[in-house]
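Biologist: I would like to learn how to read helix packing, cavities and pockets in a model. Could we take them in turn?

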Amino acid sequence: MKLTTHLVSAPLHTPFVTALRTATHVESLLVEVSDGEHSGWGEAPQVWKVTGDSLAGSQACIEGPITTALDGLGPDDLTEALRRVQGAAVGNFGAKDAVDVALHDLAARRRGLTLHGFLGSTTDVVRTDVTLSVGDADALADAGKARVADGFDVLKIKVGTDAAGDIERVRRVRDAIGPAPRLRLDANQGWTRRDAVTVIRALEDAGCATELVEQPVAAADLDGMAWVTDRVSTPILADESVYGVRDLVAVIRHGAADLVNVKLAKCGGLAPARTLLELAREHGLGAIVGCMMESHVGVGAAAALVSAYPTTAVNDLDAAWWLREAPVTGGIRYDGSLIHLPSAPGLGVTGLTV
Ligand SMILES: [Mg+2]
């Protein structure tokens with residue numbers, strides 16, 4: 001098998017504003033694993049602020065230790081190949097994710113199956129929420145109306161900056177969009193445990209309850225997560241607190257959350273993600289699958305996963321919706337909040353557009 005990496009840059013149709021920056025492009029790393037006849041594709045997004053993975057680091061890991069680990073292995077040894085990918089380096093979840101997905105994609109294509117069919121799915125449509133760009137209350141209200149007009153019915157609002165302002169912004173979005181669309185909040189570790197309970201209870205008391213609140217306090221503060229979870233009726237979702245199995249076991253033991261957000265770029269690909277989803281289900285924990293700022297390759301793999309391993313709430317897979325031009329041809333297609341999975345083999349990706 002031959003591994004090739006491709007650095008790509010894809011423009012967004014609407015700038016995406018976070019608390020840290022305004023993005024107009026997605027810069028990402030694609031990997032292609034070829035058996036000489038078929039190519040499997042995967043993606044390693046750049047995630048400085050969560051996993052610390054960079055494009056340069058992921059590229060070095062794929063071209064170095066992962067390529068060495070797969071040396072001499074044939075494309076039909078999928079289980080062994082996946083095991084070697086996970087053992088090739090410490091960390092580097094984006095690189096492992098990219099190669100894990102590419103190996104699954106290649107295996108599916110060699111059998112003439114879609115990736116989601118290969119994973120055992122019987123459906124080819126998956127729902128997603130959409131995240132509103134960060135802004136003041138007016139800008140958020142306008143963005144909320146625009147996204148509802150785009151066909152989305154679950155909106156995610158980034159909070160966690162200042163508690164009083166967060167309450168006001170959420171109420172303004174709710175007033176703007178009316179009672180029907182669901183709202184969920186992501187504090188990205190930004191609150192203290194007391195802030196979190198104050199804000200969530202204020203919204204509950206104001207009749208502005210949200211579907212769920214993601215990562216209210218610091219990732220490592222599982223006692224704080226549990227303290228919040230015990231004191232509000234709104235479900236709490238662990239994101240940055242859970243990368244892999246060890247983290248999920250700790251969250252379950254602490255009672256630190258009601259749900260977990262599984263992301264391929266945090267856990268290292270489809271194989272570890274399946275384990276996380278099965279573990280969550282066995283322990284009665286809810287789950288969604290999310291993504292980083294990534295393209296149709298990475299989001300397509302996550303969508304294939306949830307079509308085969310259903311989650312308990314709408315997934316967070318809007319990243320590729322923001323792209324004006326995909327870096328690849330073929331693959332998933334958005335229709336409002338619905339992601340249509342391809343009918344072509346594997347991820348349905350047929351090549352680079354650039
Ligand atoms: Mg999050």
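Biologist: At what angle do helix H1 (residues 55-70) and H2 pack, and how far apart are their axes?

Modeller: A note on the source comes before the helices. This is a predicted model, in which local features need pLDDT of at least 70, side-chain atom pairs count only at pLDDT 80 or more, and totals for chains, interfaces and linings use all residues. Residues are numbered from 1 along each chain as its sequence is written, and side-chain values use heavy atoms, with hydrogens and water left out.

Modeller: Two packed helices are described by the angle between their axes and the distance between the axes. Axes are lines fitted to C-alpha atoms, for helices over the stretch in contact, and angles run from 0 to 180 degrees between N-to-C directions. Helices (H or I, at least four residues) and strands (E, at least two) are DSSP runs, numbered from the N terminus. Here H1 and H2 pack at about 150 degrees, and their axes are 9 Å apart.

Biologist: Which word describes how H1 and H2 lie to each other?

Modeller: Angles under 35 degrees count as roughly parallel, over 145 as roughly antiparallel, 65 to 115 as roughly perpendicular and the rest as oblique. H1 and H2 are therefore roughly antiparallel to each other.

Biologist: Is the crossing of H1 and H2 left-handed or right-handed?

Modeller: A crossing is left-handed if the near helix is turned anticlockwise from the far one by less than a right angle, and right-handed if clockwise. H1 passes H2 in a right-handed crossing.

Biologist: How do helix H5 (residues 137-149) and helix H6 (residues 163-177) cross?

Modeller: The axes of H5 and H6 come within 8 Å, at a crossing angle of roughly 40 degrees. The two helices are therefore oblique to each other, and H5 passes H6 in a right-handed crossing. A further pair is helix H8 (residues 222-231) and H9, with axes that come within 9 Å and cross at roughly 45 degrees. H8 and H9 are therefore oblique too, and their crossing is right-handed.

Biologist: Now the empty space. How many cavities of 30 Å³ or more are there?

Modeller: Rolling a probe the size of a water molecule over the atoms shows where empty space is left. On a 1 Å grid over the protein atoms alone, a cavity is a set of points where a 1.4 Å probe fits but cannot get out; a pocket is an open set with protein on both sides within 12 Å along at least five of seven lines; lining residues have an atom within 4 Å of a point. Grid points are joined across faces, edges and corners, and a volume is the space filled by probe spheres set on the points. By this rule there are 2 cavities of 30 Å³ or more.

Biologist: What lines the largest cavity?

Modeller: The largest cavity, about 40 Å³ in volume, has a lining that includes Leu 115, His 116, Gly 300 and Ala 304. Helix H4 (115-118) and helix H12 (296-308) each supply at least two of its lining residues. Nonpolar means Ala, Val, Leu, Ile, Met, Phe, Trp, Tyr, Cys and Pro; charged means Asp, Glu, Lys and Arg; the others, Gly among them, are polar. The lining of the largest cavity has 6 nonpolar, 3 polar and no charged residues.

Biologist: Which helices supply at least two residues each to the lining of the second largest cavity?

Modeller: Helix H2 (78-87) and H3 do. The second largest cavity holds about 30 Å³ of space, and Met 1, Gly 74 and Leu 106 are among its lining residues.

Biologist: What is the volume of the largest pocket?

Modeller: The largest pocket has a volume of about 1,100 Å³. Its lining has 39 residues, and Phe 16, Thr 18, Leu 20, Val 50 and Lys 158 lie nearest the centre. Strand S2 (22-34) and strand S6 (154-158) each supply at least two lining residues, and S2 gives the most, with 4. By class, the lining of the largest pocket has 17 nonpolar, 10 polar and 12 charged residues. At least three of the lining residues come from each of domain 1 (2-112) and domain 2 (118-352); the domain bounds come from an automatic or database domain assignment.

Biologist: Which element gives the most to the lining of the second largest pocket?

Modeller: H9 does, with 3 residues. About 210 Å³ of space lies in this second largest pocket, and its lining has 5 nonpolar, 2 polar and 4 charged residues.
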